[in-house]
Amino acid sequence: MILLEAASGGGGMSFIIMMVVIFAIMWFFMIRPQQKKQKELQNFRNTIAVGSSVVTAGGVFGTVKQIVEEDNTLIVEIAHDVKVKIDRNSVFASAPGANTK
């Protein structure tokens, strides 16, 4: 019984160290890259200009025709004379070569 108590005495500190190491690994391999990706996406959304080809989060390809700063939306042409108003935050990526005709 005394041997078990002596052996488990140092186990608490090694458990804490192990948890810190696991958290650090998760931070560098999961959380940090995701934060970097989110920052890049936000920078892209802030630099969208009229004439940019974009893809929405729903997978709709189109060309930005107008930017409405007041309500943070974009007017996107998805087909000839078909325009939709979307929230700027729903733009997922640029779509080079996806201009509508």
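This briefing covers the strands, the nonpolar core and the salt bridges of the structure above. The model is predicted. Strand E3 (residues 73-79) pairs with E2 in an antiparallel arrangement and with E4 likewise. The largest nonpolar core has 7 residues, and a search of the whole structure finds 3 salt bridges.

**Strands and their pairing**

- Strand E1 covers residues 53-56 and runs antiparallel to E2, with 3 bridges joining the two.
- Serine 53 stands opposite threonine 63 in E2.
- E2 (residues 61-68) is joined to E3 by 5 bridges, and these two strands run antiparallel.
- Two pairs of partners can be named here: threonine 63 stands opposite glutamate 77 in E3, and valine 68 has threonine 73 as its bridge partner in E3.
- Threonine 63 therefore stands opposite a residue of E3, glutamate 77, and is also the residue of E2 that serine 53 stands opposite.
- E3 and E4 are joined by 6 bridges and run antiparallel.
- Isoleucine 75 stands opposite lysine 85 in E4.

**Hairpin turns**

- The hairpin of E1 and E2 has 4 residues between the strands, and glycine 59 in this hairpin takes a positive phi near 90°.
- E2 and E3 also form a hairpin, with 4 residues between them; in its turn, asparagine 72 has a positive phi of about 55°.
- The hairpin of E3 and E4 has 2 residues between the strands, and aspartate 81 has a positive phi near 60°.

**Strand E3 and the nonpolar core**

- Of the 7 residues of E3, 5 are buried, so the strand is largely enclosed by the rest of the structure.
- The largest nonpolar core consists of Ile48, Val54, Val64, Leu74, Val76, Ile86 and Val91.
- Leaving aside residues up to four places away in sequence, valine 76 touches Val54, Gly62, Thr63, Val64, Val82, Lys83, Val84 and Ile86.
- Among these contacts of valine 76, Val54, Val64 and Ile86 belong to the largest nonpolar core, as does Val76 itself.

**Salt bridge between glutamate 77 and lysine 65**

- The side chains of glutamate 77 and lysine 65 meet in a salt bridge, at 3.3 Å from N to O.
- The pair links distant parts of the chain, with glutamate 77 in E3 and lysine 65 in E2, 12 residues apart.
- Glutamate 77 is buried, at a relative accessible area of 11%, whereas lysine 65 is partly exposed, at 39%.

**Salt bridge between arginine 88 and glutamate 69**

- Arginine 88 and glutamate 69 form a salt bridge in which the closest N and O atoms are 3.4 Å apart.
- Both residues lie in loops: arginine 88 is between strand E4 (82-87) and strand E5 (91-94), glutamate 69 is between E2 and E3, and the two are 19 residues apart.
- Is arginine 88 buried or exposed? Arginine 88 counts as buried because its relative accessibility is 7%, and the cut-off for buried is under 20%.
- Glutamate 69 counts as exposed, at 54% relative accessibility.

**Salt bridge between aspartate 71 and lysine 85**

- Aspartate 71 and lysine 85 meet through their side chains in a salt bridge, at 3.0 Å from N to O.
- Aspartate 71 lies in the loop between E2 and E3 and lysine 85 in strand E4, so this pair ties together parts that are 14 residues apart in sequence.
- Aspartate 71 is partly exposed, with a relative accessible area of 35%, and lysine 85 counts as exposed, at 52%.
- Lysine 85 thus takes part in a salt bridge and is also the E4 residue that isoleucine 75 stands opposite.

Definitions and conventions
Residues are numbered from 1 along each chain as its sequence is written. This is a predicted model: local features need pLDDT of at least 70, side-chain atom pairs count only at pLDDT 80 or more; totals for chains, interfaces and linings use all residues. Side-chain values use heavy atoms; hydrogens and water are left out. A nonpolar core is a set of buried Ala, Val, Leu, Ile, Met, Phe, Trp, Tyr and Cys residues joined through side-chain atoms within 4.5 Å. Buried means under 20% relative accessible area, exposed over 50%, partly exposed in between (1.4 Å probe, protein chains only). Contact means heavy atoms within 4.5 Å. A salt bridge is a side-chain nitrogen of Lys or Arg within 4 Å of a carboxyl oxygen of Asp or Glu. Two strands pair if DSSP finds at least two bridges between them.
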